[in-house]
Amino acid sequence: MAGFCCAPPLGAPRRNQLSTAPDTEKASLPLSDFRPRSMLHLPATRVERPRFPVIDMHTHLTWTRDVRNGVSVGEDIDVFATPDALLPVMDRKGVKTLVNLTGGTGAGLESAIAQFDHAAPGRFLTLTEPSFGLFAEPDYPQHQAEAIDHAHRVGARGLKLLKTLGLYLREGVDEGELVTVDDARFDPMWEACAGYDMPVFLHISDPEAFFLPADATNERYEELAQHPDWSFYGPQFPGNAELLAARDRMIARHPRTTFALMHVGNHAEHLAEVARTLDRFPNTMVDISARIGELGRQPRAAQAFFDRYQDRIMFGTDAVPAPWGNEVPQQLFCDELYEIYYRFLETDDEYFDYAPADVPPQGRWSIYGLKLSDTILRKIYHDNAARLLGIAT
Ligand SMILES: [Zn+2]
């Protein structure tokens with residue numbers, strides 16, 4: 001009966017004489033208006049510049065213009081910002097190089113490389129993307145391998161796949177069954193990349209919560225309310241585990257190709273699982289872009305992960321310049337974004353925002369700094385990406 005004596009007797013009024021009725025008006029505050037401020041009094045360290053020069057190996061400075069049902073089908077690109085607009089922020093924040101992952105294909109790719117890589121040598125590197133617009137053609141595998149030849153010839157430093165593969169690309173491009181990540185028609189593409197020593201940057205799947213009902217139990221409810229198209233819940237989509245398993249089957253078939261798994265392998269919620277992937281495939285690395293919200297809310301697990309995989313983790317932000325970046329605060333290219341990443345990696349500050357926004361955009365929590373050693377910081381900020389991209393260290 002321990003503890004039972006404290007329970008009110010059955011039938012007793014639920015409140016004593018001194019308590020008041022709940023304030024129903026206050027209790028019905030919409031979630032979107034709730035902006036609590038932490039009352040913790042703690043050190044807040046501003047890190048204006050990183051300990052070592054930074055390669056941000058995950059940004060989006062250009063984007064293919066013609067997108068049909070989530071699949072890029074053309075070559076024309078939109079340019080989000082000029083080097084002149086980006087370089088002052090880079091110089092202030094100690095960013096040596098931005099890697100633009102979405103350089104597109106063909107003429108668009110050539111234009112992106114001319115506008116960035118050639119305009120400011122060493123400050124910008126551009127990657128190509130698959131020519132999914134050609135996917136419905138019968139000789140796609142050959143076309144695709146040739147597109148990689150072309151991309152390499154004009155100076156692309158790697159190949160980037162958006163989550164298109166696994167979640168949007170369908171037979172006939174926009175109708176029929178989803179094409180699986182381990183589809184053999186891409187084998188010549190993965191092998192062409194290996195032949196040219198071009199790393200493949202893979203975004204497969206998405207956060208686990210995006211595959212669950214966007215209901216009151218979903219920890220990313222507000223984010224999914226803001227971006228309903230980010231929900232992949234339903235019979236028309238594979239699950240997160242299924243997508244990652246297909247990815248792993250594909251990687252197993254291509255041991256000569258190096259795969260950089262974006263967003264901590266898109267499983268930062270489950271670092272033990274990411275560790276298993278890294279252990280199983282020596283030809284894989286990860287970046288931390290847009291996942292400090294996940295890493296920073298499990299600081300002890302994250303510290304152990306950085307310790308163990310310090311040679312295989314790369315710095316990235318997923319930054320997108322304004323005005324496009326305004327839609328996603330955790331990705332907005334600005335001084336503050338970099339300062340948050342540096343604070344997370346370099347300090348032992350506690351309980352701070354992971355994005356420059358009033359309301360934490362990915363979920364209602366705060367993060368804790370990792371205070372990584374100089375040895376690890378140098379690798380994460382620069383040396384691991386430099387090795388992958390063939391840049392002098
Ligand atoms: Zn990205």
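T97 is part of strand β6, which covers residues 95-100. In this predicted model, T97 counts as buried, at 1% relative accessibility. A polar atom of the T97 side chain lies 2.7 Å from the backbone oxygen of G122. Beyond that spot, here's a tour of the rings, the charges, a surface patch and some backbone oddities.

**Aromatic rings**

- Searching the whole structure turns up 22 aromatic pairs. Take F305 and Y309: the ring centres are 5.2 Å apart and the planes sit at 45°, so this pair is tilted. Both of these residues, F305 and Y309, are buried.
- F315 and Y342 make a tilted pair too, at 6.1 Å centre to centre with 35° between the planes. F315 comes from the loop between β12 (313-314) and α13 (335-346), while Y342 is in helix α13, so the pair ties together parts 27 residues apart in sequence. F315 and Y342 are both buried.
- There's also a cluster: ring pairs link F132, F135, Y140, F186, W190 and F259.

**Charges over rings**

- R297 has its charged end over the ring of W365, 3.6 Å from the ring's centre.
- R343 does something similar with F352: its charged end sits over that ring, 4.0 Å from the centre. Keep R343 in mind, as it turns up again among the salt bridges.

**Salt bridges**

- The structure holds 26 salt bridges. In one of them, the side chains of E339 and R46 meet at 2.8 Å, N to O. E339 sits in helix α13 and R46 in the loop between α1 and β1, so this bridge ties together parts that are 293 residues apart in sequence.
- Which partner is buried and which is exposed? E339 counts as buried, at 12% relative accessibility, whereas R46 is exposed, with a relative accessible area of 59%.
- E294 and R220 form another salt bridge, with their closest N and O atoms 3.0 Å apart. This pair links distant parts of the chain, 74 residues apart: E294 is in helix α11 (residues 292-295), and R220 is in the loop between β9 (200-202) and α7 (221-226). E294 and R220 are both buried.
- D349 meets R343 in a salt bridge, side chain to side chain, at 2.7 Å from N to O. Both D349 and R343 are buried, and R343 is the arginine whose charged end sits over the ring of F352.
- Some bridges share partners: R46, E48, R92, K93, D335 and E339 are joined this way into one network. The E339 and R46 bridge described above has both its residues in that network.

**A buried histidine**

- H382 belongs to helix α14, residues 374-389. It's buried, with a relative accessible area of 7%.
- What does the side chain of H382 contact? It makes a polar contact with the side chain of D383, at 2.9 Å.

**A nonpolar surface patch**

- L29, L31, F34 and Y221 form a nonpolar patch on the surface. Together they have about 370 Å² of accessible area.
- L29, one of the four, lies in the loop between α1 (24-27) and β1 (54-59). L29 is partly exposed, with a relative accessible area of 44%.
- R46, from the E339 salt bridge, is also placed in the loop between α1 and β1.

**Backbone oddities**

- Most residues other than glycine have a negative phi, and most peptide bonds are trans. The next few spots are worth a look with that in mind.
- A322 and P323 are joined by a cis peptide bond, with omega about 5°. P323 is in the loop between β12 and α13, and F315 of the tilted ring pair lies in that loop as well.
- A290 isn't a glycine, yet its phi is positive, near 55°. A290 lies in the loop between β11 (284-287) and α11. With 6% relative accessibility, A290 counts as buried.
- Y351 has a positive phi of about 55° and isn't a glycine either. Y351 is found in the loop between α13 and α14. Is Y351 buried or partly exposed? At 37% relative accessibility, Y351 counts as partly exposed.

Conventions
Residues are numbered from 1 along each chain as its sequence is written. This is a predicted model: local features need pLDDT of at least 70, side-chain atom pairs count only at pLDDT 80 or more; totals for chains, interfaces and linings use all residues. Side-chain values use heavy atoms; hydrogens and water are left out. Rings of Phe, Tyr and Trp (its six-membered ring) pair if their centres lie within 6.5 Å; planes under 30 degrees apart count as stacked, over 60 as edge-to-face and the rest as tilted. Buried means under 20% relative accessible area, exposed over 50%, partly exposed in between (1.4 Å probe, protein chains only). Helices (H or I, at least four residues) and strands (E, at least two) are DSSP runs, numbered from the N terminus. A charge sits over a ring if NZ of Lys or CZ of Arg is within 6 Å of the ring centre and within 35 degrees of the ring normal. Patches are made of residues with over 30% relative accessible area and no salt bridge: like charges are joined within 9 Å, nonpolar side chains (Val, Leu, Ile, Met, Phe, Trp, Tyr) within 5 Å. Accessible areas come from the Shrake-Rupley method with a 1.4 Å probe; for residues, only the protein chains shown count as cover. A salt bridge is a side-chain nitrogen of Lys or Arg within 4 Å of a carboxyl oxygen of Asp or Glu. A polar contact is a pair of N or O atoms within 3.5 Å; within protein, one must be able to donate a hydrogen and the other to accept it, and residues adjacent in sequence count only if both atoms are side-chain atoms.
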